[in-house]
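This report looks at how some strands and helices of one protein model are arranged. Please keep the sequence and the structure in view while reading.

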Amino acid sequence: MYSEATHAMMRRLTTGRLIQILAVATVVAGLLPAAAEAAPRKGTVAAKQGVASKRVSRTFVAGKRHARPVVAVVPSKPSFGMLAGLHASNDPLDLKSSVALVIDQDTREVLLSKNDSAVLPIASLTKLMTGTLISEARLPMDEQITITQDDVDTEKGSRSRLKVGTTLSRGELLHLALMSSENRAAHALGRTYPGGLATFVSLMNAKAKALGMKDTRYVEPTGLSSQNQSSAHDLATLVAAAYHDPVVREYSTSPGHQVAVGNRTLTYNNTNRLVKNPDWDIGLQKTGYISEAGQCLVMQAKVAGRKLIMVFLDSAGKLSRIGDAERVRKWVEAHPALPSTVIRQVNG
């Protein structure tokens, strides 16, 4: 039999252990709301797909690790278009993009418009202006440019296979920026422009103004900043202008490209799968995504004998911008001779 002193000691130990367990449980419970409110890291698969990510926390009791993961579901960050209620607008093709504009490149006839005056973040559509300015500057395309720490994304934490110290030609960086939306490549192009990055961004805005893009503003050359903003009308103007540049046309529609980095060969693919689709005749394109902008796409394509410029902004879902382009193509093919007056326009 235990003595009274032994029983008292056991009661103290049991009470202390219960207090310890309750304290740990309280701490874990307090951490859950913070995890649930945190946005998924930009550049991760979950962030790119616009879906909820999962964070796993493990509890520790009396110094022992218990395999009881606490899973907190983190919702994706809403886009500016979602916050503005633009997705509530209807359109005849049931597009998933909250902003859309389709025009005939030759006649400037509007075939479809939806919230086309809304000014939203444009993500990597920014690189279309970046690439156009670099090409028009007629700088040496064989000049070697080294990726530096300044080119590393601190805005969204996105990743890149172009490590600091990588050296490529200006032409290769331009190709990767337009085709595969390489952020460090685009930033390095702006940083090494004569006069530096500030001069380059100033020229981006001056070019937009010269083209009549009244709703457009740039603060950097990659599109990672949500302060880079424009409207569908302005972007259609940019696509029409960029289409006259053969380098921009070639690089933006290239299905893939390989670059030699040291002893390795890196293979890059176009971010727009439609360039490999035989049903499409694409003359120029650019994709874009950050959470504030949603999925974005601009294209010049020939459909049913007509040269069309298509702009899709703030599309919800990773593949929805592609689906919207397919809907437009099939509609035009089914009604190639219909005037724009039969298309209902939606402007929110």
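## Pairing of strands

Two strands are said to pair if DSSP finds at least two bridges between them. With that in mind, and remembering that this is a predicted model, we can begin with one bridge: in strand 15, the residue that serves as the bridge partner of Gln300 is Ile309. This bridge belongs to the pairing of strand 14 with strand 15, which is antiparallel and extends over eight bridges. The two strands form a hairpin with two residues between them, and in the turn Ala304 has a positive phi of about 50°.

Strand 15 also pairs with strand 5, again in the antiparallel sense, over seven bridges, and here Ala100 stands opposite Phe312 of strand 15. Strand 14, in turn, is joined to strand 13 by eight bridges, the two strands running antiparallel, and within this pairing Gln285 has Met299 of strand 14 as its bridge partner.

## The sheet as a whole

Taken together, these pairings belong to an open sheet of five strands, whose order is 6-5-15-14-13 and whose pairing is antiparallel. Strand 6 and strand 13 stand at the edges, and because each has a single partner strand, one side of each is left without a neighbour in the sheet. From one strand to the next, the twist averages 10°.

Strand 15 is mostly covered, since nine of its 10 residues are buried. In a regular strand, the side chains alternate between the two faces of the sheet.

## Helix 10 against the sheet

Helix 10 covers residues 320-334, and its length can be checked by a simple piece of reasoning: at 1.5 Å a residue, its 15 residues should span 21 Å, and the C-alpha atoms at its ends are indeed 21 Å apart, which agrees. The buried residues of this helix are Ser320, Arg321, Ile322, Asp324, Ala325, Glu326, Val328, Arg329 and Val332. They pack against strand 5, strand 6, strand 13, strand 14 and strand 15.

Two residues of helix 10 deserve a separate look. Arg329, which is found in this helix, has a relative accessible area of 8% and is therefore buried, the cut-off being under 20%; leaving aside its neighbours within four places in sequence, Arg329 is in contact with Asp279, Trp280 and Val303. Trp331, also found in helix 10, is partly exposed, with a relative accessible area of 24%. Trp331 and Val303 are 28 residues apart in sequence, while their C-alpha atoms are 9.9 Å apart in space.

## Helix 4 and helix 7

Two packed helices are described by the angle between their axes and the distance between the axes. For helix 4 (residues 126-136) and helix 7 (residues 197-210), the axes come within 10 Å and cross at roughly 100°, which means that helix 4 is roughly perpendicular to helix 7. Helix 4 contributes Thr126, Met129, Thr130, Leu133, Ile134 and Glu136 to the contact, and helix 7 contributes Phe200, Leu203, Met204, Lys207 and Ala208. Sorted by character, the residues of this contact divide into seven nonpolar, two polar and two charged.

Helix 4 is largely enclosed by the rest of the structure, because 10 of its 11 residues are buried; among them are Lys127, Leu128, Gly131, Thr132 and Ser135. After the helix comes Arg138, whose phi is positive, near 55°.

Technical notes
Residues are numbered from 1 along each chain as its sequence is written. This is a predicted model: local features need pLDDT of at least 70, side-chain atom pairs count only at pLDDT 80 or more; totals for chains, interfaces and linings use all residues. Side-chain values use heavy atoms; hydrogens and water are left out. Helices (H or I, at least four residues) and strands (E, at least two) are DSSP runs, numbered from the N terminus. The expected span of a helix is 1.5 Å times one less than its number of residues. Buried means under 20% relative accessible area, exposed over 50%, partly exposed in between (1.4 Å probe, protein chains only). Contact means heavy atoms within 4.5 Å. Axes are lines fitted to C-alpha atoms, for helices over the stretch in contact, and angles run from 0 to 180 degrees between N-to-C directions. Angles under 35 degrees count as roughly parallel, over 145 as roughly antiparallel, 65 to 115 as roughly perpendicular and the rest as oblique. Ala, Val, Leu, Ile, Met, Phe, Trp, Tyr, Cys and Pro count as nonpolar, Asp, Glu, Lys and Arg as charged, and the others, Gly among them, as polar.
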